[in-house]
Every structure is written in C-alpha cells, then in structure tokens.
Amino acid sequence: MITLLKHARILQNGAWMEGELLIAGEKIAAVGPKLDCTFPGMEIIDAEGMRCIPGYLDQHVHITGGGGEGGFANQVPPLKASAPVRAGVTTLVGLLGTDGTTRSVESLVAKTKAFNELGLTAFCLTGAYEFPSPTVTGSVKKDIVMIAECIGVKVAISDHRSMNMEKRDLVWLASQARQAGILSGKPGITHLHTGSGKAELDLLFDIVETTELPVFNLRPTHLGGKFEAAMRWAALGGYADFTCGDNHAKTAGIIARALERAPEGRVTMSTDGNGSMPVWNEKKEMIGIGAGRIDNLHGVVKALVQEKGVPLEAALAPCTENVAKALNLFPRKGCIASGSDADLLLLDDGLAVDTVIARGKTMLRHGALCFHANFED
C-alpha cells in the first residue's frame, strides 16, 4: 500500500514544515515540501489545515484488564482494540498489576500478539506487583530473551499491595532483566509501580549509589506525588514517568514543571490505561474504584498546550520521542523521518485526533474507525 499525505504541517526534528509525506508499506518513504510521485492504486490523504505528528507511545497499559481489589466483580475488562486507536496510541506496552494470580503473563502475551495482528505495535512486560515474579517460562530472564514481545519486567515498590521487597531481591530481579536485555538486544527494563509509601524512591537511590546497576534500567512510574524525588532521579540520568489522570489540567501542571526542571529528554508520561484506580482511606481500606483511560494521554497533551502554554512540539516529546528513546525504539518510533515506521496522527485546528495511521495502515479517518476488531460493537 502506498499513501501520499498532502498539504500537512509536519513535525520534523522539533520544527514544523509545510509539506508532503509518502508512505510505502509500513514505513515512511520520504518527507519533503513537494513530492512528485504517482503509483497505481496510490491513496491520497489531503491534510489541509492539519498537523501531522508521530503516533503516541504508551508504556503502561493494562491490556488484559487491571484490578481485582475489593473482589472479583471489580476486575477491569480487557482493553478493546479501538481504544488505543481512538486515543492516538500506535505503540503500547502491556503489563499486569496487583493481580498476578487470576491474570497470567501467558494471557498478557497473547493479548499483545493480538494488538500486533490488528496493526498496532505492542510489547509487554513479564511479572506483576508480586515477587517472585509470575512468568511464562519460569524465569524472568528467559521470558525477556525468548518471548519476542517481552522487553522487561514489572514489579511494585513503596505500596501496601506490594511484596515489600528487600534491596537484594530488587537488585537480583533488575540484574536478571538487564542481562536478558543485553542478550536479546532489548531494553531489559525493570518497570516499577511506585505507590504512596513513605519510602518513595529511597530504595532505588540506594541501589544506584551502591551497586553496578545503571540508572536507566530502573523505570519508576506514578511519580506525580513524588515530584522532588522524580527530579532527583532525572538528574541522575533516569527517566521520570508521570501518570496521566482524568484531571488533565492537574497532570499538565506537573508535566510542565517537570519539563522546566528535568534534563532534556528525561520526562515521559503514560496512562495506566485500563488499570484499576482504587481509592483508599487512611486505614488502607478501599472506599471506591475506577479505571484508567488511555485517551488521557492526548488529553494531557492538549492541556499542556491550551492551558499551560507549552508549545505543541514540547508537549508531545514525553509521549513520543522521549518514550521511544527510553524503550530503544528511536528513530523507528517517536519521530517523522524517512525509514521510520509510518505511525502518524493528524490533528485538526482544535487538536482533536482526526486520523490515525499505524504501520502504514489507516486505522481512523475523520474520527471513524477504518478497521474491524471482532467482538466490538
């Protein structure tokens, strides 16, 4: 399939250019002010008045559903294939959460494969909140090395639902993931749900200061309530990942401050999409529950621009280029350049998502789905 996108304002190398973009198969073949080309059956998309940006990367999505706190009736259903498409997310990383008992890494890997079959790009993490980590092969290292979609491990710290790991256990786990990444050419990350516990990131700072584990292999998330610790982590060379909640303006305020203070490229954001959002009282008793939304990513981008005055190109970096680099996917993902994957969004003048192209396939056009996923209305 060959597609020519015309009359667009294209984000390239941090700046906007008026031009055209040629897609051949799954890749961007050329970008320029004017592309004179004609091919039999070529699709032409007129993007007059729209901005063309890279597709979003969301590195924290509960694709098989999150939750289970409060009982079986509170389990969040699996993510529908249309949800990331409508949200402009063309690359996602699936993971488990609190429940690694009734939900399995096997089902997570299967769901990841399903998203890839439909045309998106999907990866996953082995493990869950618990330790020892649930796996497919019986080994975190083997899961990462032998399962193509698996790029790291997930675990929880500083949370009353975690296993309260000791330092030696987390060092061992992260070392397994790092060695697996080295062997397989993957990021080999240890992705850390970081709860509201008093220790915050203290254990991670201790590990980085006293062991040989590189800071970039440890990836704490949910850092909105731990802002100073997050900035200290970023200053050490780590990635500070902030979760996009339903209050877009509040999250945008945190991200805007982080972009001002953190070293360039070290701020990322993700959604915890489809994960459970329990509400706890001071006694750690659950008093309510909801679910994260994957479209909060775009909501926060809009709030950064429209409410916080952040330039669009800067607002996009934490969910495009920065994440792609953090996951060793750049420049295949996260930018618009010849040879990159054709993962593209067209935004209208109000910054609404009009068109989504994933790996060269038009998935959404003028807000209407252009693909079919079974079992969706």
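**View 1. Thr3 stands opposite Glu43 in β4.** The model is predicted: local features need pLDDT of at least 70 and side-chain atom pairs count only at pLDDT 80 or more, while totals for chains, interfaces and linings use all residues. Residues are numbered from 1 along each chain as its sequence is written, and side-chain values use heavy atoms, without hydrogens and water. Strands (DSSP runs of E, at least two residues) and helices (H or I, at least four residues) are numbered from the N terminus. Strand β1 (residues 2–12) and β4 (residues 43–46) run parallel and are joined by four bridges. β1 also pairs in the parallel sense with β5 (residues 51–54), here over two bridges; two is the least number of DSSP bridges that counts as pairing. Ile10 has Cys52 in β5 as its bridge partner.

**View 2. β1 and β2 form a hairpin.** The two strands run antiparallel, and nine bridges join β1 to β2 (residues 15–24). Thr3, seen in the previous view opposite Glu43, also stands opposite Ile23 in β2. Two residues lie between the strands, and Asn13 in the turn has a positive phi of about 55°. Most residues other than glycine have a negative phi.

**View 3. Six strands with parallel pairing make up an open sheet.** The order of the strands is β6-β7-β8-β9-β10-β11. β6 (56–61) and β11 (218–221) are the edge strands, each pairing on one side only. On average, neighbouring strands are turned by 30° against each other, direction ignored. Strands of a sheet pair through backbone hydrogen bonds. Within the sheet, β7 (residues 89–94) and β8 (residues 121–127) run parallel and share four bridges. Gly94 has Cys124 in β8 as its bridge partner.

**View 4. Helices α2 and α4 lie against strands of the sheet.** Helix α2 (residues 105–118) lies across β7 and β8, and its direction is at about 170° to that of β8. Helix α4 (residues 167–184) packs on the sheet, touching β9 (150–157), β10 (189–194) and β11. The direction of α4 makes about 140° with that of β10. Contact here means heavy atoms within 4.5 Å. Axes are lines fitted to C-alpha atoms, for helices over the stretch in contact, and angles run from 0 to 180 degrees between N-to-C directions.

**View 5. Helix α4 also packs with helix α5 (residues 202–210).** The two axes come within 11 Å and cross at roughly 65°. That makes α4 roughly perpendicular to α5, a label for angles of 65 to 115 degrees, where under 35 is roughly parallel, over 145 roughly antiparallel and the rest oblique. On the α4 side, the contact holds Lys167, Leu170 and Val171. These residues meet Leu203, Leu204, Asp206, Ile207 and Thr210 in α5.

**View 6. Helix α7 (residues 248–261) packs with helix α8 (residues 296–306).** The angle is about 65°, and the axes are 8 Å apart. The two helices are therefore roughly perpendicular to each other. α7 contributes His248, Ala249, Thr251, Ala252, Ile255 and Ala256 to the contact. They meet Asn296, Gly299, Val300, Ala303 and Leu304 in α8.

**View 7. Helix α6 (residues 227–235) is another packing partner of α7.** The angle between α6 and α7 is about 35°, with 11 Å between their axes. Phe227, Glu228 and Met231 lie on the α6 side of the contact. Ile254, Arg257, Ala258 and Arg261 are their counterparts in α7.

**View 8. Two cis peptide bonds precede Pro132 and Pro331.** The bond from Phe131 to Pro132 has omega near 0°. Pro132 lies in the loop between β8 and α3 (140–146). In the bond from Phe330 to Pro331, omega is near 5°. Pro331 belongs to the loop between α10 (321–326) and β16 (344–347). Most peptide bonds are trans.

**View 9. Asn274 has a positive phi, near 70°.** This residue is found in the loop between β13 (267–270) and β14 (276–280).

**View 10. The close-ups belong to a protein chain with ten helices and 19 strands.** Along its principal axes, the C-alpha trace spans about 60 × 45 × 40 Å.
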